[in-house]
Structure formats: C-alpha cells, structure tokens
Amino acid sequence: MSARIAGLGTWLPEQVRYNAAWPTSFGTQQHAGDDRTFNDIPTSDDPLAAAILARDLAREASDPFLGAVERRVADDRMTAIEAETLAAQAALAEAGIAGSEVDLVLSHSIVPDRVGPASAVSVAQRIGAQRALAFGVEAACASGLVQLEIARAYLEAGLARVVLTTQSHLMLRAFPMFHPAAPGLGDAASALVLTNEGSGLSMRGSHAVTHGEHALSVTWVRGHDDSTDTTWWKAGGDFRMGSRAPELAKLLMRETVSFGAAT
C-alpha cells in the first residue's frame, strides 16, 4: 500500500520582525558589494520562466530585503524540541491519530538544542509515543524530503503503520541580524503524519541525488579559513551559517533560482 500524508502541522512564533527593525544604513551597506545578489543567472529558453525571472529580479534589484516584508522570530526560551512537539501535536490532531499510535518519529533540527541526542527522542516522549523508534535525519535543506523517503520505506515494508516527521528552523538565534541574507529568514517548525491506511495525499514517487561537491557550499562556519574555522569540539568563535566554497555557493544559488522559475 502507498504511503499517505494524513496530517500537517506547523508552529510559528508570535513575535514578528518587520523591515523597520533594520536601520536605513542596512540597505546602503548591502548595495556596497555584490554578496547579496544572484549573479549571472542564465536566461531560460522557456518564455514564461524567463518572464518570471525578469520580473522578480527587477523587483529585488533595489531592495535590500529581497522582497521580504516580515519574518517570525522565536523567543530564546523556545527550544527546538518544544517547537517540533507543538507542530507534531497539530499534525496528529489534523490526522485524527493519537501520539500513542505512532511507530516511528523522524526529526531534523537545523539549530538543535544539543549536539545529541536528536530532537525526535524527546518529541516521541512528549507526544506519548511510548512504542516508537525515534532518530534524527540530517540531509541539510533536503532533510524533510529524505524523511519522507524513509517514512515511505517503513510504511510500505510493513515496519510501521504511523510515522511522524518533524522539522524545526530556529535559524535566527544563530544568524547575524546584519548578514545580507538575514531578512529572508524566519523561525518555524512543521510536522507530517504519514500512514498507509485511510485517506490523504498519496506519495506516488520521488527522485533524489546527492551532490557531494556542494558539501561546503553552505555550512556552519566560524571563519573563512582553516586557522579561524575550527571544529566544534575546540574553542573558537560563534558558529554561523556561511560557506567555505563561496564560488560554489553562488553557483548553487543561481541554479536554485533558475530551477524554481523553470518548475
């Protein structure tokens, strides 16, 4: 039987950060360099995709916020575990399934509360999934899709009847507010409940390939070279999202914009 998405849940912080939170000088500083822009985005052969690219890039050309108007910001007291639990409870409620019925919990916390164990362990305990196997899935931005693949495999193999996946993105607590990309980020958590029974959105198929050459294109860094970008278990500066391969990061962003427009 095919896996089905029976419930979707989200959690959003109450606090909203508007563009007025940044000083006027923020826009001037961003236009002083080109690190905030998508450079040399190829023109699509498809007229509709080309029109979408031209329209959106024109709108963002003079906007330091790249079209963003508001973003949600989590309180420092909110943990990844709690955010994912709230999203999980909402997803279970929509699916009409009790936490005690969950057989597998998969989590991804882009800013986890601890290096380990994964948030899934505590989320399972908080929703009453006493019989569940729980572990984390780390595949960067694609983690949610990989979770779906694992969930489908468990369900279609008969190893589980109900699977819960959770994802938290409490990025702003670990991202400098004056970084050029900061206005486009917000905090949130989400969850999906999957079963192989009843109604829901059926998973028909998928395709996935890992591009290992981009392992350092977007990653957690402390600095820009080996002397300043020390490993997490040694003393050093604050971690932040950045790149150790900036040219590849620009290529990745350009391809992302083109791929989205084409899609």
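Here are some exercises with worked solutions on the structure above, which is a predicted model.

**Exercise 1. Follow the chain from strand 4 to strand 5**

Work out how strand 4 and strand 5 run relative to each other, parallel or antiparallel, and what the chain passes through between them.

*Solution.*
- Step 1: Find the two strands. Strand 4 covers residues 104–109 and strand 5 covers residues 133–136.
- Step 2: Check how they are joined. There are 4 bridges between them, and the strands run parallel.
- Step 3: Pick out a facing pair. Valine 105 has alanine 134 of strand 5 opposite it.
- Step 4: Trace the connection. After strand 4 the chain goes through helix 4 (residues 119–126) and then reaches strand 5, giving a β-α-β crossover that is right-handed.

**Exercise 2. Explore the loop between strand 4 and helix 4**

Which peptide bond here is cis, and is valine 115 buried or exposed?

*Solution.*
- Step 1: Locate the residues. Valine 115 sits in the loop between strand 4 and helix 4, and proline 117 is in that loop too.
- Step 2: Look at the backbone. The bond leading from glycine 116 to proline 117 is cis, and its omega is near 0 degrees.
- Step 3: Judge the accessibility of valine 115. Its relative accessible area is 73%, and the cut-off for exposed is over 50%, so valine 115 counts as exposed.
- Step 4: See what valine 115 belongs to. Together with Trp232, Trp233 and Phe239, Val115 makes up a nonpolar patch on the surface. The accessible area of these residues together is about 520 Å².

**Exercise 3. Link helix 3 to helix 4**

Find the salt bridge of glutamate 82 and say which parts of the chain the pair links.

*Solution.*
- Step 1: Identify the partner. Glutamate 82 meets arginine 126 through their side chains, at 2.5 Å from N to O.
- Step 2: Place both ends. Glutamate 82 is in helix 3 (residues 80–95) and arginine 126 is in helix 4, so these are distant parts of the chain, 44 residues apart.
- Step 3: Check the exposure. Glutamate 82 is partly exposed at 27% relative accessibility, and arginine 126 is also partly exposed, at 42%.

**Exercise 4. Build a network around arginine 161**

Which residues are linked with Arg161 in a network of salt bridges?

*Solution.*
- Step 1: Start with glutamate 101. Arginine 161 forms a salt bridge with this residue, and their closest N and O atoms are 2.8 Å apart.
- Step 2: Place that pair. Arginine 161 is in the loop between helix 5 (143–156) and strand 6 (162–169), while glutamate 101 is in the loop between helix 3 and strand 4, 60 residues away in the chain.
- Step 3: Go on to glutamate 197. Its side chain meets that of arginine 161 in a salt bridge, at 3.3 Å from N to O.
- Step 4: Place the second pair. Glutamate 197 lies in the loop between strand 7 (188–195) and strand 8 (201–202), so its bridge to arginine 161 ties together parts 36 residues apart in sequence.
- Step 5: Check the accessibility. Arginine 161 is partly exposed at 29%, glutamate 101 is partly exposed at 26%, and glutamate 197 is partly exposed at 41%.
- Step 6: Put it together. Glu101, Arg161 and Glu197 are linked in a network of salt bridges.

**Exercise 5. Gather the aromatic rings**

How many aromatic pairs does the structure hold, and which residues form one aromatic cluster?

*Solution.*
- Step 1: Take the count, which is 4 aromatic pairs.
- Step 2: Name the cluster. Its members are Trp22, Phe26, Phe65 and Phe178.

**Exercise 6. Inspect alanine 140 and leucine 145**

Where do alanine 140 and leucine 145 lie, and what is phi of alanine 140 near?

*Solution.*
- Step 1: Place alanine 140, which is in the loop between strand 5 and helix 5.
- Step 2: Read its phi. The angle is near 55 degrees, a positive value in a residue other than glycine.
- Step 3: Check its exposure. Alanine 140 is partly exposed, at 46% relative accessibility.
- Step 4: Move to leucine 145, which is in helix 5. Leucine 145 counts as exposed, at 60% relative accessibility.
- Step 5: Compare sequence with space. Leucine 145 and alanine 3 are 142 residues apart in sequence, and their C-alpha atoms are 14 Å apart.

Key
Residues numbered from 1 in each chain as written. Predicted model: local features only at pLDDT ≥ 70, side-chain atom pairs only at ≥ 80, totals over all residues. Heavy atoms only, no water. Pairing = 2+ DSSP bridges. Right-handed = clockwise from strand over helix to strand, strands pointing away. Phe/Tyr/Trp six-rings, centres within 6.5 Å; stacked < 30°, edge-to-face > 60°. Patch = residues over 30% accessible without salt bridge, like charges linked within 9 Å, V, L, I, M, F, W, Y side chains within 5 Å. Areas by Shrake-Rupley, 256 points an atom, 1.4 Å probe, with all protein chains shown as cover. Salt bridge = Lys/Arg side-chain N within 4 Å of Asp/Glu carboxyl O. Buried < 20%, exposed > 50% of the residue type's maximum accessible area, 1.4 Å probe, protein only.
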